[in-house]
Amino acid sequence: MPPLSTPPHPLAALLRSSARRRDRTACRKLHAHLLKSGLHQRRPFPSALLDAYAKSGFLSDARCLFDESSHRDAVLYSALLSALSHSDRPSQALSLFRRMVYVDAVPPDGFIFASLVKTCSRIGFLRLGKQAHAQFLLSSFYTDDVVRSSLVDMYSKCCAVDDARKVFDTVPDKNHVCWTAMVSGYASNGRKSEALGLFWQMPRRDLFAWTALIAGFLQSGDSFDAVKLFVEMRRNQVEIDDSFVLSTVVGASSDLAALELGRQLHGLVLALGYKSSMILGNALVDMYAKCSDIRSARAVFEGLVMRDVISWTTMVVGEAQHGRADDALDLYDKMVLAGVKPNEVTFTGLIYACSHAGLVQKGRELFDSMEQDHGIRPSLQHYTCLLDLLSRSGHLTEAENVINSMPYVPDEASWGALLSACKKQGDTSMSVRMADRLLGLKPKDPSTYILLSNTYAAAGKWDSVASVRKLMAEMDVKKEPGYSWIDLGKESCLFRAGEVPYTMRHEIIRLLNELANEMNKRGYVPDTRSVMHDVEENEKEQQLFMHSERLAVAFGLLKSIPGTTIRVIKNLRICLDCHNVIKLISEITGREIVVRDANRFHHFEVGKCSCGDFW
């Protein structure tokens with residue numbers, strides 16, 4: 001008769017249970033009991049205890065337990081490596097691996113190789129991933145399919161998708177994880193046809209596989225096809241028993257600014273019973289905010305049962321982008337009172353809110369409190385927000401002192417923020433000085449060259465304008481054409497400046513002329529300063545008349561249900577004249593008009609804008 005296997009110790013089962021529940025108190029009590037009973041060094045308790053601490057959020061305790069252990073074998077190393085690879089400090093797993101090999105001389109097994117490869121995957125360290133692959137091939141575990149699946153994932157996430165396919169082809173009996181990793185690799189790297197081809201070859205296409213494909217398309221920037229795939233998945237009657245795919249496709253509707261789609265997905269979330277999901281709630285808050293419906297975003301936020309730092313920060317940033325600085329600051333106060341620690345993004349949103357509301361002193365206080373009160377070192381992005389805040393409010397000298405003394409090398413965004421404000425404040429000499437510094441960086445963003453060209457043109461420095469155009473030609477920088485998009489649910493249309501659909505041309509031009517006559521009665525005078533072409537004044541006015549956002553607003557007035565909000569998306573910054581015109585249109589028609597441009601949201605209502613003309 002074969003010997004009976006030793007039954008698992010009940011304390012080990014309790015440790016695993018506390019790890020699943022992330023129960024820190026239970027971990028400490030069980031640790032104390034093991035110490036008193038003298039079992040703390042007996043297998044399987046060291047690795048089980050370390051794993052419980054790590055999964056409960058006590059990574060430092062897990063590390064101390066590891067360091068104090070008298071016998072650090074492959075099992076213990078595997079437990080800590082796995083914990084570190086899944087933590088917010090995955091790079092520490094690399095130094096631990098070196099210690100394992102060169103200090104304790106512990107040979108890696110399949111679990112350790114898998115943890116190491118996953119770490120390389122998370123931090124995008126392709127060179128080390130290849131070294132791990134080489135060691136794996138030389139080891140006795142070279143046929144381990146779990147490691148090979150991890151290698152497929154690692155190469156895909158490091159943008160070496162052809163190497164991923166080579167590993168994939170070496171696996172004789174591919175499991176579902178391996179298939180899914182390769183499909184995800186193709187999709188996330190923009191290899192659409194290969195991703196779909198492999199996906200339809202899969203032996204089993206479950207929710208996990210569909211989610212990987214949809215998320216991959218979204219990651220590669222193909223939000224439209226991500227949504228189409230979700231619709232296809234629904235047609236295939238795949239049961240949604242996990243909320244992640246829903247949060248993914250809600251994210252796709254955010255990218256597309258497709259409000260009606262987002263509302264339908266919200267209804268599906270409720271119908272499937274995922275109302276209490278915090279991850280989905282956060283995605284819905286973000287979607288409504290990005291789709292210009294800030295009221296619905298706030299309603300979803302207020303209805304969240306549980307809120308984490310992402311919930312609060314998403315709402316703070318949303319309020320800030322919609323010009324509701326007071327609401328953003330009030331939310332921040334409530335967030336701190338609720339005991340939620342703000343992060344770097346929270347402060348970016350707060351300083352941005354102050355910048356676009358002219359709250360200079362409040363912005364300074366928030367910037368200082370980052371490090372003083374919360375231990376967050378300001379990043380270059382925070383300094384750029386501070387520069388924007390100071391310069392927009394006319395504190396140009398202070399802003400220049402900041403950019404010259406900050407602990408980072410100013411980048412294109414930093415100089416651009418300062419230059420834009422100098423130009424708005426009418427400080428020609430400083431504008432030219434900032435433009436010269438910015439031009440020296442040979443910027444990549446086409447809009448930066450437009451700003452430079454306009455700055456030099458306004459200062460009459462035509463030689464510099466020619467230099468900008470020459471540099472654009474040398475670097476093959478092409479100006480992004482402006483367009484505006486309006487979606488009315490069943491009807492949508494994209495407008496480019498000067499281009500009106502033939503079927504609607506007569507109605508749109510007639511309505512714009514009627515509105516122009518009414519605006520003239522109210523004292524409207526076209527502001528042609530944004531038209532930098534050397535043409536007659538009446539031609540400049542005609543160019544403004546045919547700007548894409550005006551065409552989209554006119555289409556919305558003609559086609560939408562009376563009284564409903566008109567929502568327009570513009571890919572570039574709205575010009576000053578169009579901003580004035582749409583304020584007047586909102587007053588004349590009694591309609592709320594929301595324009596999302598490249599910088600922020602503008603809510604036009606009864607002749608006023610939410611930005612307070614401070615954008």
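Helices (H or I, at least four residues) are DSSP runs, numbered from the N terminus. This tour follows salt bridges through a predicted model, where local features need pLDDT of at least 70, side-chain atom pairs count only at pLDDT 80 or more, and totals for chains, interfaces and linings use all residues. Residues are numbered from 1 along each chain as its sequence is written, and side-chain values use heavy atoms, with hydrogens and water left out.

A salt bridge here is a side-chain nitrogen of Lys or Arg within 4 Å of a carboxyl oxygen of Asp or Glu. The whole structure holds 27 of them.

**Stop one.** Select helix α18, residues 294-302. Find Arg-298 and Glu-302, four residues apart, about one turn of the helix. They form a salt bridge, with the closest N and O atoms 2.8 Å apart. Arg-298 is buried (under 20% relative accessible area, 1.4 Å probe, protein chains only), at 15%. Glu-302 is partly exposed (between that 20% and the over 50% of exposed), at 43%.

**Stop two.** Keep Arg-298 and add Glu-319. Here the closest N and O atoms are 2.7 Å apart. This salt bridge links distant parts of the chain: Glu-319 sits in helix α19 (residues 309-321), 21 residues from Arg-298. Glu-319 is buried, with a relative accessible area of 0%.

**Stop three.** Now select Arg-550 and Asp-577, whose side chains meet in a salt bridge at 2.2 Å, N to O. Arg-550 lies in helix α31 (residues 548-559) and Asp-577 in helix α32 (residues 576-589), 27 residues apart. Both are buried.

**Last stop.** Select Arg-298, Glu-302, Arg-307, Glu-319, Arg-324 and Asp-327 together. Salt bridges that share partners join them into one network.

Notes. Helices (H or I, at least four residues) and strands (E, at least two) are DSSP runs, numbered from the N terminus.
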